[in-house]
Amino acid sequence: MSGTDEQKQRFGTLAIHAGQEPEPVTGAIMPPIFQTSTYVQPGLGRHKGYEYSRVQNPTREALERNVAALEGGRHGVAFSSGLAAIDAVVKLLSAGDRVVSEENTYGGTHRMFTKVLSRLGIEFTFVDSRDPDQIRDAMRPETRLVHLETPTNPMMRLCDLRTAAEIAHERDALLCVDNTFASPYNQRPLELGADIVVHSATKYLNGHSDIIGGIAVLNEDRLTEDLLFIRKSSGGVPGPMDCWLCLRGTKTLHLRMEAHNRNGTAVARFLEGHSSVEATHYPGLESHPQHELALGQMSGFTGMVSVEMGSADRAKRFVEGTRIFALAESLGGVESLIGIPALMTHASVPPDRRAALGVTDGLVRLSVGVEDVNDILEDLERALEGA
Ligand SMILES: *Cc1c(COP(=O)(O)O)cnc(C)c1O
């Protein structure tokens with residue numbers, strides 16, 4: 001299938017077919033798992049485009065073509081984890097360069113920026129990107145990258161991506177958007193002006209909680225070459241088996257996201273109307289302060305919902321009282337998960353910063369899965385009674 005054919009196709013068709021040629025030797029309809037480190041060369045200096053799997057691997061390339069098409073981008077570059085993808089993007093910069101980052105990013109991203117990459121001479125400024133002026137005011141001549149996440153984890157804050165892209169580009173900086181929470185089914189940042197999209201493929205893209213993976217998607221050839229060079233040099237590549245599993249996941253992304261969006265909306269409405277819940281954060285609710293923006297840049301609102309229970313004790317009883325929702329970190333799989341960010345995913349964020357962000361000890365985050373919605377709602381009702 002040529003690139004131009006793919007341009008015309010719709011999401012569900014791309015999810016299943018983009019980048020998936022039948023295997024030429026046997027016609028196998030599924031891309032084989034090329035579980036190999038090296039490739040035999042017919043003669044010195046002659047090879048078939050494949051020399052060593054850190055640099056080229058056909059299973060990985062099948063995944064990269066697929067996800068690139070889903071994000072509406074031209075190139076995909078897969079990594080061993082979401083953090084490896086973000087790490088490689090920041091390595092496009094040099095010592096002395098600056099990054100403006102959303103302050104409410106994934107905890108591991110914040111830890112990497114402040115505890116690892118800042119030691120190497122890259123400077124980070126954190127802003128509340130709900131307010132575009134904060135991004136604009138933080139830009140310096142040395143700022144080469146704006147790194148945003150929308151919706152954010154776990155407060156579901158949004159950033160206006162069209163405006164952020166304008167601000168970054170006025171100052172010749174790149175805009176990178178972590179699209180893990182929305183998934184390309186609900187939001188395509190490249191179409192809104194971003195230069196790079198990154199994912200923790202561990203979450204919605206793979207969707208079955210059985211791999212750790214990451215991917216970056218870009219349009220520009222030059223930038224892609226630079227990122228491929230960094231990946232080849234630093235080595236954070238995913239294994240072929242994990243790429244294959246992720247590709248199996250992306251084939252049903254549209255089906256899963258429809259169900260996550262539906263169940264997430266039902267859960268958010270239920271929790272918002274429940275007397276034990278003090279506040280419900282979900283961009284699909286009319287009560288979300290950025291609901292208009294959500295409608296303008298997203299087509300669905302996922303299965304990610306967070307609620308304020310008012311106290312650490314009530315939050316603890318709630319998350320320990322569910323039966324279908326499993327108490328666990330991570331998100332985006334077919335099964336429903338529940339947790340307390342302050343004690344789990346955001347434990348590495350200093351307490352004063354957590355408080356400033358609204359990540360209280362009473363905040364509960366739900367990753368609503370694709371089980372029967374009636375069972376999901378009954379499970380929450382029962383657990384809230386006990387809380
Ligand atoms: C999980 C996550 C990451 C990190 O991805 P890993 O695959 O765990 O390395 C980055 N960003 C967001 C938004 C995430 O949820």
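Biologist: What makes the approach of T202 to an oxygen atom of the ligand a polar contact?

Modeller: A polar side-chain atom of T202 lies 2.7 Å from an oxygen atom of the ligand. A polar contact is a pair of N or O atoms within 3.5 Å, so the T202 pair qualifies. D178 also places a polar side-chain atom 2.7 Å from a nitrogen atom of the ligand, and a polar backbone atom of L83 is 2.9 Å from a ligand oxygen. This is a predicted model, in which local features need pLDDT of at least 70 and side-chain atom pairs count only at pLDDT 80 or more, while totals for chains, interfaces and linings use all residues. Residues are numbered from 1 along each chain as its sequence is written, and side-chain values use heavy atoms, with hydrogens and water left out.

Biologist: Which residues come nearest to the ligand?

Modeller: Of the 14 residues around the ligand, the nearest are G82, D178, S200, T202 and K203; a residue counts as near if one of its heavy atoms lies within 4 Å.

Biologist: Why are β5 and β6 called paired?

Modeller: Strands are DSSP runs of E with at least two residues, numbered from the N terminus. Two of them pair if DSSP finds at least two bridges between them; β5 (residues 174–178) and β6 (residues 196–200) have three, in the parallel sense, and therefore pair. C176 stands opposite I196 in β6.

Biologist: What is the order of the strands in the open sheet?

Modeller: The seven strands follow the order β1-β7-β6-β5-β4-β2-β3, with mixed pairing. Because β1 (75–79) and β3 (123–127) each have a single partner strand, they stand at the edges, and one side of each is left without a neighbour in the sheet.

Conventions:
Helix = DSSP H or I, 4+ residues; strand = E, 2+ residues; numbered from the N terminus. Polar contact = N/O pair within 3.5 Å; in protein donor to acceptor, adjacent residues only side chain to side chain.
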